[in-house]
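User: I'm new to this protein and would like a close look at its interior, rather than a tour of everything. Could you pick a starting point and walk me through the packing around it?

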Amino acid sequence: MKHRLILLLALIAPCVLIAAAPSRPNILFIYTDDQSQRALGCYREEGAWPWVRTPNIDRLAAEGVRFTTAYGASWCSPSRACVMTGRLPHGIHGVHLKGVTAKGEAFDPSTAPFWPAALRKSGYQTALIGKWHIGQNAAHGVLWDHSAVWDQNVIKGDWYNDQDLAIDGAPPKTLPGYTTDVFTHLASDFIRRKHDKPWMLWLCYNAPHLPNTTHSRHKDLYTDAEVTTPADVFGPRPDKPGYMRDWSMFKRRPDGQPAYGGKSLPDTVRAYNRLVSAVDEGVGDLRRALEESGQLDNTLIIYTSDQGFAWGEHGFAWKVGPYDACLRMPLIFRLPGVVAKGGVCRQPATIVDVAPTLLGFAGVTPPHTMHGHDLRPLLRDPAALTDRAVMMEHIGLRFGDARPEDRSSKEINAKLYVPWWQFLRQGRYKYVNTLVPDEIEELYDLEADPHELKNLAPDPAHRAVLDEYRKRLLAELQRTEAGPVFTPPEPRR
């Protein structure tokens, strides 16, 4: 009798699991800005600062799956366009960007078919709260049933207090308060509403984007936290491409320590992490809203950022370099019954994987071909590594309509110009091609050299690996139908 009972339970258990999994879950898509995975406690194995405390976000990871390696696009706006299309920048059309806060930016819905429109058509209620930054028009009523949009083109003062938001397509008005808290409040209010259909909320925090406008309740956090200075903050780097050899955004103080914006590197890093503390508190508030409204386990929670942010590595206080310190962001999924609990996935992913994955959970066919991959099989079994290649690129503020002359444009700031680049990551190696004629390539063994300090490309012993990875990059460009302007030139030998 005992053995029959065990057999019966074994047969029933999978059915119970499937029945408990929602067929069309709500989706809470939390999207931060410039957040390195090192700013989360759950990423300590991947090099997070040992003193950071993010209990609410860490809890999401403990109850779901986190990816150890996830790459964002190189700038805020291109990354958001990647999210909205599921495509790499070279495959996006109809998006026109002119600068960080330039007027006249826009996207054309007829040639840039962002997927929230398809989600609405399928029966979802869609909402956007926070930073939009893909042109002046956030397309309320086309993409969003509800919106509270902070447009970066109307930044006020310190970026974080008393900003102007456009509510449901109305003209912007000032909402008093600290923006991280304001966005959390608006999102919690939306979650608690009575919903007669599944919903998707894209919550876009501005934190921890500079400037480091810390809320007063966090001003004393991490005061004595130790911050290690990266080995190559000043260079020189003779084995890297020309623009990187003496690159540094830091000034050397009389004591030899690096400073950025007039403040020491340690002070800047501590302040950066104080911004994350407000986000973590917000995630706790959002969870309570889901719990108290009975929606927690019927809601897919995605937590990620538009890209990472380097603090001294390779001289950067920025995100536009092709290096892991610049681009690696957190990527966490939680949905009981579908997403494994406490899973850690070591298959690299990119920001373009989010859209097909989200749509897959919603049961919606992508409205166009996407470059990203549906991550659901890995979320069910994080150990089922595929050894799939991932690619990312930096083409400035350009997209699929770029011209050859755009490669040399000095966008944003000529003094901080980073040329176009592409990288391919697969297995232990990462290959980087700078789209500059007669320039050297880069090849890194990320197992032996996780900080990408030694370029193996000039080493004849690695010539076969270099040639193989160049072929793999070209194959990925072909798979994603990149135009001729994105074909890398012949490298220096």
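Analyst: Let's start at tryptophan 132, which is in contact with Arg80, Met84, Phe107, Phe114, Asn137, Ala138, Leu143, Trp144, Val149, Trp150 and Trp202, leaving aside its neighbours within four places in sequence. Contact here means heavy atoms within 4.5 Å.

A quick word on what you're looking at: this is a predicted model, where local features need pLDDT of at least 70, side-chain atom pairs count only at pLDDT 80 or more, and totals for chains, interfaces and linings use all residues. Residues are numbered from 1 along each chain as its sequence is written, and side-chain values use heavy atoms, with hydrogens and water left out. The average pLDDT (the predictor's confidence in each residue, from 0 to 100) is 92, and 93% of the residues score at least 70. Go easy on residues 1-20, though: pLDDT is below 50 there, and the stretch has one contact in the model beyond near neighbours in sequence.

Back inside. Trp132 belongs to the largest nonpolar core, which has 151 residues; Phe67, Trp132, Trp202, Trp311 and Phe316 touch the most other members. Such a core is a set of buried Ala, Val, Leu, Ile, Met, Phe, Trp, Tyr and Cys residues joined through side-chain atoms within 4.5 Å. "Buried" is under 20% relative accessible area, "exposed" is over 50%, and "partly exposed" is in between (1.4 Å probe, protein chains only). The top contributor is helix α6 (residues 265-292), with 11 residues. Helices (H or I, at least four residues) and strands (E, at least two) are DSSP runs, numbered from the N terminus. Apart from this core lies another, of six residues, including Ile395 and Val485.

Two of Trp132's partners, Arg80 and Met84, are among the buried residues of α3. All of that helix (residues 76-85) is tucked away: 10 of its 10 residues are buried, so it is largely enclosed by the rest of the structure. Those residues pack against β1 (26-32), α4 (116-121), β6 (125-131), β10 and α8 (354-362). Right after α3 comes glycine 86, with a positive phi near 70°.

Trp150, another partner of Trp132, leads to asparagine 206, which contacts Asp33, Lys131, Trp150, Trp159, Tyr160 and Phe183, again ignoring neighbours within four places. Asn206 sits in the loop between β10 (199-204) and β11 (251-252); with 1% relative accessibility, it counts as buried.

Trp159 and Tyr160 also touch threonine 179, as does Gln163. Thr179 is in helix α5 (residues 179-192) and, at 4% relative accessibility, is buried.

From α5 we can get to α6: their axes come within 9 Å and cross at roughly 10°. Axes are lines fitted to C-alpha atoms, for helices over the stretch in contact, and angles run from 0 to 180 degrees between N-to-C directions. That crossing makes the two helices roughly parallel: the label covers angles under 35 degrees, with over 145 roughly antiparallel, 65 to 115 roughly perpendicular and the rest oblique. Their contact has seven nonpolar, four polar and four charged residues. Ala, Val, Leu, Ile, Met, Phe, Trp, Tyr, Cys and Pro count as nonpolar, Asp, Glu, Lys and Arg as charged, and the others, Gly among them, as polar.

Helix α2 (residues 55-62) also packs on α6, at about 60° with axes 7 Å apart, so this pair is oblique.
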